[in-house]
Amino acid sequence: MQLECFYHSPRSNWAYSYDKDTFHLRVRTKKDDVDGVVAVTGDKYDWERHHHECRMEKIASDRLFDYWECEVKPERKRFSYSFRMESGDERVWMVESGIFEEEPYPPGGYYEMPFIHEIDIFTPPEWTKSAVFYQIMPDRFANGDPSNDPQGVLPWGGKPTRESFFGGDLQGIIDRIDYLTELGVTAVYLTPVFEAPSNHKYDTVDYRKVDPHFGDAKTLKRLVDVAHQNGIRIVLDAVFNHTSVDFPPFKDVVKHGEKSKFKNWYHIYDFPIRIEEGNPNYDTFGFFAQMPKLNTANPEVKNYLLGVAEYWLKEVGIDGWRLDVANEIDHTFWRDFRRTVKSVNPDAYIIGEVWSDSLRWLLGDQFDSVMNYPFADRVNEFFSPGDADAGDFASKINNVLMRYPQQTNEVVFNMLSSHDTPRILTMMGSDKRRLKLAIVFLLTFIGTPCIFYGDEVGLAGDGDPDCRKCMEWDYDRQDRELFDFYRLLIDLRKSNQVLRSGRFRFLKAESGDSSLVYERIDAANHFTVWMNNAEEETVIAHPMQTDDWIDALSGEPVKPEDGLMRIGLEPLGYRILSRSIV
């Protein structure tokens with residue numbers, strides 16, 4: 001066995017409390033190097049009478065490693081533990097103090113979970129496990145009140161530019177609530193709605209005022225109330241990393257320079273404020289001089305922004321915050337932000353915009369979730385036109401899953417396109433069959449799925465600003481077959497708890513092949529999803545011992561022969577099977 005590939009850490013995603021009674025252990029070994037792993041657990045105060053062996057399950061593999069996991073339910077909420085690695089007749093033990101060929105006498109040098117404190121367990125809002133989100137840019141969704149249109153508004157459906165306005169507003173969303181309920185979504189994420197000069201509103205001027213071109217606080221409250229009446233939750237976008245240059249405190253700094261009482265609200269190198277050869281003498285979002293970066297470590301700034309977060313939770317009853325450029329703000333701020341938000345509404349959902357590995361924000365003290373761009377990148381790469389390798393895809397998805405604890409994976413914010421990316425149909429080469437495969441994966445995968453407005457009726461578009469087109473409301477121009485497909489898959493997810501909280505595992509995903517099989521399973525139900533990501537017909541075969549499978553969409557019985565299930569699939573086709581366990 002390759003001892004140097006063994007890895008475990010007694011914290012974070014390797015050892016964590018899943019609930020008040022259950023602890024998850026994970027360990028890593030070299031791929032295909034170890035036959036089995038056993039977690040040896042016991043109470044350090046009386047090992048002889050309180051020790052157990054837990055055979056670990058290989059839950060994932062990537063290009064280099066296998067990942068093993070087991071559940072431990074300690075009698076007294078505490079335990080020490082070691083790992084016994086097995087390969088043929090070879091046995092080695094790994095404990096905190098090292099790796100040994102003979103079992104170290106317990107519990108000296110063993111890993112330790114001193115006590116499971118319920119107050120320390122990361123528990124995201126329960127409703128988010130069952131949510132299906134829908135992202136809306138208010139200016140581009142629907143115009144419900146032409147009287148508040150900005151000057152120079154373009155005709156609905158025109159070609160978007162970075163500066164164009166189309167007149168969409170909050171009343172337009174209220175007017176289309178029936179559309180959202182027909183689609184089946186249960187939550188809406190709105191890009192910023194507060195006063196700002198741009199069409200996207202990521203350059204805030206007044207955090208306590210709804211942009212007049214969208215409506216007012218009463219309109220926002222009415223939207224939240226109507227949404228709640230229809231079983232839909234509302235999450236707003238908070239831009240706390242930076243402001244507009246028209247934000248009053250920044251204008252004061254520009255006017256008064258070093259004498260401004262707001263000079264420490266920003267990261268300013270020297271005075272006066274200036275831009276030389278395109279370079280501002282203050283920190284900004286990216287290199288956008290019109291978006292100066294806030295100093296969130298300043299107590300005045302922190303109190304102001306936390307007050308904003310609290311205000312809208314109380315004023316209109318929103319259900320959470322999506323946090324723009326969250327990774328560029330200090331962790332201390334986000335810890336205080338979480339305390340503030342959860343004190344008002346413990347069920348509020350906090351989603352951070354982080355484009356990479358986000359574990360440091362997902363330990364229970366900052367965010368509930370992040371926008372899972374690594375997931376989107378891997379899914380879009382695999383299902384888009386080109387050479388698809390199922391083994392490589394499974395390796396990459398497993399690697400993403402192993403970044404986080406189970407309860408985080410259950411609510412991580414999964415999307416395939418957004419206002420910052422090309423449209424999913426465009427990424428799929430305008431091939432609806434490929435789009436459907438990607439959506440089947442999204443809506444049968446672990447996590448909280450999100451649909452970008454208009455994807456469900458066939459909107460296409462390259463990157464910003466082309467991806468930010470107006471929603472298509474002409475029924476004859478909508479792809480209604482695609483809409484019905486989205487609605488069918490959303491309903492399947494909502495109707496089956498196992499698709500929302502069951503465990504995920506690849507059953508068949510081989511290098512050099514483009515087809516795959518994966519499962520979602522819990523104590524009551526078992527789903528398997530079969531996909532042919534190739535332009536030719538294929539038959540996928542995989543061992544299945546039980547004969548009580550049905551097609552989850554049609555109800556047709558599907559039976560294996562001699563313990564082998566054979567599923568014939570058309571080019572770029574799929575099939576979803578299910579069975580009851582109890």
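Guide: Two strands pair if DSSP finds at least two bridges between them. The model here is predicted.

Visitor: How do you know that β27 and β30 pair?

Guide: Strand β27 (residues 549-551) is joined to β30 over 2 bridges, in the antiparallel sense. The definition asks for at least two, so the pair qualifies. Within it, D551 stands opposite L577 in β30.

Visitor: What links β25 to β30?

Guide: Strand β25 (residues 525-532) and β30 run antiparallel, joined by 7 bridges. N525 stands opposite S580 in β30.

Visitor: Why is β30 described as largely enclosed?

Guide: Buried means under 20% relative accessible area. In strand β30 (residues 574-580), 5 of the 7 residues are buried, so the rest of the structure largely encloses this strand.

Visitor: What makes β1 and β5 edge strands?

Guide: Their sheet is open, has 4 strands and follows the order β1-β2-β6-β5, with antiparallel pairing. β1 (15-17) and β5 (57-61) each have a single partner strand, so one side of each lacks a neighbour in the sheet. For β5, strand β6 (residues 65-72) is paired over 4 bridges, in the antiparallel sense. There, K58 stands opposite W68 in β6.

Visitor: Which helix lies across β2, β5 and β6?

Guide: Helix α9 (residues 390-401) does, running at about 115° to β5.

Visitor: What makes a set of residues a nonpolar core?

Guide: Its members are buried nonpolar residues, joined through side-chain atoms within 4.5 Å. The largest such core here has 125 residues; Y134, F240, W321, F337 and F441 touch the most other members. Helix α12 (residues 432-444) gives the most to this core, with 8 residues. Apart from it lies another core of 24 residues, including M1, F6, F23 and A39.

Conventions: Residues are numbered from 1 along each chain as its sequence is written. This is a predicted model: local features need pLDDT of at least 70, side-chain atom pairs count only at pLDDT 80 or more; totals for chains, interfaces and linings use all residues. Side-chain values use heavy atoms; hydrogens and water are left out. Buried means under 20% relative accessible area, exposed over 50%, partly exposed in between (1.4 Å probe, protein chains only). Contact means heavy atoms within 4.5 Å. Axes are lines fitted to C-alpha atoms, for helices over the stretch in contact, and angles run from 0 to 180 degrees between N-to-C directions.
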